[in-house]
Amino acid sequence: MTRLVARRILTAIPLLLGVLTLAFFLVETAPGDPAALLLGDRPVPPEVRERIVAAYGLDRPPLERYVRGVGAVALRGELGWSISRGG
């Protein structure tokens, strides 16, 4: 039984890494600006836009965002902010 659980866990790790990588690159290559999607059609001052870009890490290079995202999932189980739930 222990071997089965260990084997399942070891199988889940590359699967999770693959899903995270695929999701990251799909979002990264999607057309449009993620900050504009978050803000919608509301007019906002440039300072507010800059704060949102910094809060979501959109001002960082893609490789750094990827490594931070995978690290957050692997070390803390954090799957990110929910846009629909606001946190």
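**Salt bridges and a helix pair**

Hi everyone, let me start with one residue: Arg68 has a relative accessibility of 49%, so it counts as partly exposed. Please keep in mind that what we are looking at is a predicted model.

Who does Arg68 pair with? Arg68 forms a salt bridge with Glu64, and the closest N and O atoms are 3.1 Å apart. Both residues sit in helix 4, 4 residues apart, which is about one turn of the helix. Shared partners extend this: salt bridges join Arg60, Glu64 and Arg68 into one network. Glu64 is partly exposed too, because its relative accessible area is 31%.

The whole structure holds 4 salt bridges, and a couple of the others reach across the chain. Take Glu28 and Arg65, whose side chains meet at 2.5 Å, N to O. Glu28 belongs to helix 1 and Arg65 to helix 4, so this salt bridge ties together parts that are 37 residues apart in sequence. Are these two partners buried or exposed? Arg65 is buried, with a relative accessible area of 18%, under the 20% cut-off. Glu28, at 31%, is partly exposed.

Then there is Asp33 with Arg49, a salt bridge at 2.3 Å, N to O. Asp33 is in the loop between helix 1 and helix 2, while Arg49 is in helix 3, 16 residues away. Asp33 is partly exposed at 30% relative accessibility, and Arg49 is partly exposed at 31%.

Now back to the two helices that Glu28 and Arg65 connect. How do we describe such a pair? Two packed helices are described by the angle between their axes and the distance between the axes. Here, the axes of helix 1 (residues 2-29) and helix 4 (residues 62-76) come within 11 Å and cross at roughly 145 degrees. The crossing is right-handed. On the helix 1 side, the contact is made by Leu16, Leu17, Leu20, Thr21, Phe24 and Glu28; helix 4 brings Pro62, Arg65, Tyr66, Val70 and Val73. By type, that contact divides into 8 nonpolar, 1 polar and 2 charged residues.

There are rings here as well. The count comes to 3 aromatic pairs, and ring pairs link Phe24, Phe25 and Tyr66 into a cluster.

One last stop in helix 1, at Ala12. Ala12 is partly exposed, at 37% relative accessibility. How far is Ala12 from Val27? Their C-alpha atoms are separated by 22 Å, with the two residues 15 apart along the chain.

That's my tour, thanks for listening!

Notes. Residues are numbered from 1 along each chain as its sequence is written. This is a predicted model: local features need pLDDT of at least 70, side-chain atom pairs count only at pLDDT 80 or more; totals for chains, interfaces and linings use all residues. Side-chain values use heavy atoms; hydrogens and water are left out. Rings of Phe, Tyr and Trp (its six-membered ring) pair if their centres lie within 6.5 Å; planes under 30 degrees apart count as stacked, over 60 as edge-to-face and the rest as tilted. Axes are lines fitted to C-alpha atoms, for helices over the stretch in contact, and angles run from 0 to 180 degrees between N-to-C directions. Helices (H or I, at least four residues) and strands (E, at least two) are DSSP runs, numbered from the N terminus. A crossing is left-handed if the near helix is turned anticlockwise from the far one by less than a right angle, and right-handed if clockwise. Contact means heavy atoms within 4.5 Å. Ala, Val, Leu, Ile, Met, Phe, Trp, Tyr, Cys and Pro count as nonpolar, Asp, Glu, Lys and Arg as charged, and the others, Gly among them, as polar. Buried means under 20% relative accessible area, exposed over 50%, partly exposed in between (1.4 Å probe, protein chains only).
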